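Colleague: I'm new to this one and would like a close look at a single part of it. Could you walk me through what you find there?

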Amino acid sequence: MDQPLVSVFSIAYKQEKYIRQCLDGFVMQETNFPFEVIINDDASPDSTAAIIREYEEKYPDIIKPIYQTENQYSRHVRLFQQVLFPRARGKYIAFCEGDDFWTDPHKLQRQVDAMEANPDCGMCSCRIGFANEDGSSMGKSMPRGVTETGKIDSRTFIGLLYDFNLQFSGVMVRRDMLGEYYTQFPLFWRISDVGDEPLFLYFAGRAPVYIVNEEMSCYRTNSIGSWGNRTVFKASGNEKAVRHYKRMCTMCEEYDRYTNFVYHDLMEKKKTESEYFLNMVSGNYKALLGKKFRYRFKKMSFTEKGKLVVKAILPKRVTAWLAGSGK
C-alpha cells in the first residue's frame, strides 16, 4: 500500500451491535488518495474483534487492527495518544469511535480538500447528525450556530463549544499539530476525564477551524457502554458524574490560564454550564434557581420549571420518594 494521506483512529469495546455500521462507513469512502483505518479492539468479550477480523481480511489495505488481550482503558492507557498515534502514517488524522459512523462516501475527500486549500487551519469538521441507539436519525445535528461552509476564527469556534456542540466522528486534524499536543500534554487535558473537549479547545486556540456544513457523520446516543450512558447523564448522587463536572470546571480554569485569559469570557460561560450540571447531579437544586443559571431556567417548559421548584423547596427525602413513586 502507498503512503496513506489520512490515518483514521477508531476504538472499540463491546460494540458488536454497532461496529459493522462503523466499518462500512470507512470502507465506502471514495478518495483519490490512500487512507488507513487504525482500529483498537480493547479485549472485547463479545464478537467485536471477530467482526473487525472479517473486514481486515476483506480490506487489508485499509483496515489495520490492533487486538488487545487485556483491556487497556482499565489500565488508564490513553488509547489515541499511546496506542494509535505511534502507528499513524497519514498527514491528517480523522476520528470515529466504534459506536458512531460516517454517512457520506465523500467525507474524507471533502475534508482533505478543505485542509489542503486552507493550510492555516488545524482542524476541519463536518456537520454531525444525532442518531438513536438503533441508528435511526433523531432529526438534529451539530455544531449549532453554523449555517454555511467555511473558515471560523478561534474565538468564534471556542464560543460554539460551551455546550456539547462537536463530536469526534466529524473531526479531522493535522498530524503534526496532534503530535505537538500529545507531546506537550497540557495540564487542562490531564485534568479532564474526557478526550474530545480539550483536544477541540487546543486546536481551536491554535488556528482557525474549517467547517463543512453538510452532515457526513453520525453520533449514536445512548449506545451500550458509551460515556454519557455510563456516567454523566444519571440521577442525582452519581459520584462519577459529580467528579466529572468538577473536573470540567477545573479544566476550563486551566485552559483559561493556558491561553493567558484571551478567551476568559468564553471559558466563564463554559464553566457555568458545567457548574449547572454539577449542582444538578449533586442535588443542589436551590442553586439552580439562582441568578447565575437564570438563562437555563428561562429555556425550561412550565412542567420542568415546576419540578425544579418542588425539588428545591422540599426536603431531599420527599423528592426521592416522589421520584420513586412515579408522581
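Modeller: Let's take Leu-289, which has a relative accessible area of 31% and so counts as partly exposed, because that label covers values from 20% to 50%. Bear in mind that this is a predicted model. Leu-289 sits in the loop between helix 12 (285–288) and helix 13 (294–299). On the surface, Leu-289 belongs to a nonpolar patch along with Val-309, Val-310, Ile-313 and Leu-314. Together, those five offer about 370 Å² of accessible area.

For a contrast, have a look at strand 6 (residues 123–131), which is mostly covered, with nine of its nine residues buried. Who are the partners of strand 6? One is strand 10 (residues 209–220), which runs parallel to strand 6 and is joined to it by nine bridges. Another is strand 9 (residues 171–174), running antiparallel to strand 6 with three bridges between them. Cys-124 is a handy place to see both pairings: Met-172 of strand 9 stands opposite Cys-124, and so does Tyr-210 of strand 10.

Then there's strand 7 (residues 137–142), which pairs with strand 6 in the antiparallel sense over three bridges. Here you can spot Gly-129 standing opposite Ser-141 of strand 7. Strands 6 and 7 make a hairpin with five residues between the strands. In that hairpin, Gly-135 takes a positive phi near 95°.

Notes. Residues numbered from 1 in each chain as written. Predicted model: local features only at pLDDT ≥ 70, side-chain atom pairs only at ≥ 80, totals over all residues. Heavy atoms only, no water. Patch = residues over 30% accessible without salt bridge, like charges linked within 9 Å, V, L, I, M, F, W, Y side chains within 5 Å. Areas by Shrake-Rupley, 256 points an atom, 1.4 Å probe, with all protein chains shown as cover. Salt bridge = Lys/Arg side-chain N within 4 Å of Asp/Glu carboxyl O. Helix = DSSP H or I, 4+ residues; strand = E, 2+ residues; numbered from the N terminus. Buried < 20%, exposed > 50% of the residue type's maximum accessible area, 1.4 Å probe, protein only. Pairing = 2+ DSSP bridges.
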